[in-house]
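Subject: Structure handover and findings

Hello,

Here is the structure for you to look over. My notes on what turned up follow below it.

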Amino acid sequence: MDLIKMTAHELKDKLESKEISSVDITKSYIDRIDKVESSVNAYITLTTTQALARAEEIDDKRAKGETLGSLAGIPIGIKDNMCTKGIKTTCASKMLEDFVPPYNATVIEKLNNEGAVLLGKLNMDEFAMGSSNENSYFHKTMNPWDLTRVPGGSSGGSAAAVAANEAVFTLGSDTGGSIRQPAHYCGVVGMKPTYGTVSRYGLVAFASSLDQIGPLTKDVEDMALVLNAITGYDKLDSSSYNKKYEDFGENLKKDIKGKKVALPKEYFSDGIQPEIKEKVIDVAKKLEELGAIVEEVSMNMTDLALPAYYLISSAEASSNLARYDGVKYGYRANNYDNLVDLYKQTRDEGFGKEVKRRIMLGTYALSSGYYDAYYKKAQQVRTLIKNEFDKVFEKYDIILTPTGPSTAFKIGEKINNPIEMYMNDICTVPINIAGVPALSMNCGFDSNNMPIGVQFISKAFNESTILQMAYAYEQNRELPNITPQI
């Protein structure tokens, strides 16, 4: 059996029946990484020695009959902006190139408690700012479907690792689409949960009111399994929502007859690649065949989401990144004349071009005389966008849209055009602004055999309905037999 092609739930069943061991799985993934990582560049830091030791520990516990967690023995990868005790957490930045956290993020503690095996930390756009993974200080990650194309960003390493079978599943973070857009480009399942469901403690902040950790997996059932492991209230995170969370797999396999699906016409405008529109409409037709009710709606605030997002996120980034000054931790410039010069030289040398661009935009939006015109206005628009989503969800269970306006583009094609790059997030940023959950999954391929993503959106804390609808589609979709280049 080819272990690297199996899903987490399939491996879990075989581990529990003792058909295979965690060491078997972990060695298979390490062999795979050795074979393809030089082409994909998904990882920044590999922890394969520790992974094998962890796998042996899990196997020993299983042999002794000890109670194990739901992910015991499953090899995973983590985006490199989540703190891992004793393991570098760089945020793909020169600023944190040698930073080793003294503590684990809450999601890492939860995964450790469930017995997951960490293979390493994954590449990303620096401080999670980007849509292509080309902004990493270390190296560019390639799309496994076509090594000349981007994997998406900022969680491009996380998506590429799953697509290239370099991890069973991974965690990414999503501020404006940074899980779902790479999932779309790489043909995997990616989900941004409701804001507040997964603890952000230990996640290096980009924009605190928008950031959300979520999984990237091989199928929808794996998504439910991983969400069960990482959701829950955390007193260490002031934005964590205190409620009892359901078992996300409980309703997964129920039929979807009578579920109401909204197709917002603004998400199918002229800016969307025709092949993407066609495939997403095919998804809607398939859901109708399965008993769902599909209707077209209008969401007039959609066009305002992108400018509002970039003002809000950049303003919060300028505040969050002010801590990197060369004094407390991280990179420090070698040559400076005084304290002010130390700040300037450190930040000039330590931050990349895209990070500097967003800091300047955010600082300007928050400055005296411009706060009301830009930041305050963007927050008012944010409220209108959230209200529009709430209104649609009064009548519909799911909103169905494309995940992005185009499929994966060539490396270097858009890196020098920030506005064109930002437009890649047009279908995903409204979801972060509204704080609702959304999932992207593969629904076909374009004429270049590149994956196309469809996005399922629902009201806050309604992840189970998204998973139910996505699972129903996944079990009934018909995809051509196309495989990644690597």
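The structure holds zero disulfides. Bear in mind that this is a predicted model. Take Cys91: its nearest cysteine sulfur belongs to Cys83 and is 7.6 Å away, and Cys91 is in no disulfide. Cys91 is also buried, with a relative accessible area of 0%. Cys443 gives a similar story. Its closest cysteine sulfur, in Cys427, is 12 Å away, so the two are too far apart for a bond. At 6% relative accessibility, Cys443 counts as buried.

**Annotated domain**

An unreviewed UniProt entry carries the annotation "domain: Amidase" over residues 24-467. Over that stretch the chain is 37% helix and 14% strand. The C-alpha atoms at its two ends are 30 Å apart.

**Annotated active site**

Which residues does UniProt mark as "active site"? The unreviewed entry lists Lys79, Ser154 and Ser178. They span 100 residues in sequence, but no two of their C-alpha atoms are more than 11.1 Å apart, so the three gather at one spot. From this set, Ser178 is in the lining of the largest cavity.

Lys79 belongs to strand 2, residues 75-79. Is Lys79 buried or exposed? It counts as buried, because its relative accessibility is 0%. Setting aside neighbours within four places in sequence, Lys79 is in contact with a set of residues that includes Lys121, Leu122, Met124 and Ala128. Ser154, Ser155, Ser158 and Ser178 are also among the contacts of Lys79.

Ser154 lies in a loop, between strand 3 (117-122) and helix 5 (156-163). Ser154 counts as buried too, at 0% relative accessibility. What does the side chain of Ser154 make a polar contact with? The partner is the side chain of Lys79, at 2.6 Å. Beyond residues up to four places away in sequence, Ser154 touches Asn123, Asp125, Met129, Gly130 and Asn133, among others. Ser178 is also one of the residues that Ser154 touches.

Ser155 is worth a look as well. Ser155 is found in the loop between strand 3 and helix 5. At 0% relative accessibility, Ser155 counts as buried. A polar atom of its side chain lies 3.1 Å from the backbone oxygen of Ser173. Not counting residues up to four places away in sequence, Ser155 touches Lys79, Asn133, Gly172, Ser173, Ser178, Ile179 and Pro182.

**Helices 5 and 4**

How many of the eight residues of helix 5 are buried? Eight of the eight are. They are Gly156, Gly157, Ser158, Ala159, Ala160, Ala161, Val162 and Ala163. The cover over these residues includes helix 2 (22-40), helix 6 (180-186), strand 2, strand 3, strand 4 and strand 6. Asn165 follows helix 5, with a positive phi near 60 degrees.

Helix 4 runs over residues 106-113, and its buried residues include Thr106, Val107, Ile108 and Leu111. Which elements cover them? The cover includes strand 2, strand 4 (169-174), strand 6 (212-217) and helix 7 (220-230). Gly115 follows helix 4 and has a positive phi, near 90 degrees.

**Nonpolar cores**

The largest nonpolar core has 86 residues. Those with the most contacts inside it are Phe127, Leu287, Phe389, Leu400, Leu439, Phe456 and Leu467. Which helix gives this core its largest share? Helix 9, residues 302-320, supplies eight residues.

For a local view of that core, pick Leu400. Its contacts, leaving aside neighbours within four places in sequence, include Val261, Ala262, Leu263, Pro264 and Phe268. Val280, Val283, Ala284 and Leu287 are also in contact with Leu400. So are Val454, Gln455 and Phe456.

Another core, of 45 residues, lies apart from the largest one. Ala8, Val107, Leu111 and Ala229 are among its members. Of these, Val107 and Leu111 were listed above as buried residues of helix 4.

**Where to start**

I would open the view on the side-chain contact between Ser154 and Lys79, at 2.6 Å. From there, turn to Ser155 and its link to the backbone oxygen of Ser173. Then move on to Leu400 in the largest core.

Best wishes

Key
Residues are numbered from 1 along each chain as its sequence is written. This is a predicted model: local features need pLDDT of at least 70, side-chain atom pairs count only at pLDDT 80 or more; totals for chains, interfaces and linings use all residues. Side-chain values use heavy atoms; hydrogens and water are left out. UniProt positions are given in the numbering used here, feature names are shortened, and annotations may be inferred rather than shown by experiment. On a 1 Å grid over the protein atoms alone, a cavity is a set of points where a 1.4 Å probe fits but cannot get out, and a pocket is an open set with protein on both sides within 12 Å along at least five of seven lines; lining residues have an atom within 4 Å of a point. Helices (H or I, at least four residues) and strands (E, at least two) are DSSP runs, numbered from the N terminus. Buried means under 20% relative accessible area, exposed over 50%, partly exposed in between (1.4 Å probe, protein chains only). Contact means heavy atoms within 4.5 Å. A polar contact is a pair of N or O atoms within 3.5 Å; within protein, one must be able to donate a hydrogen and the other to accept it, and residues adjacent in sequence count only if both atoms are side-chain atoms. A nonpolar core is a set of buried Ala, Val, Leu, Ile, Met, Phe, Trp, Tyr and Cys residues joined through side-chain atoms within 4.5 Å. A disulfide is a pair of cysteine sulfur atoms within 2.5 Å.
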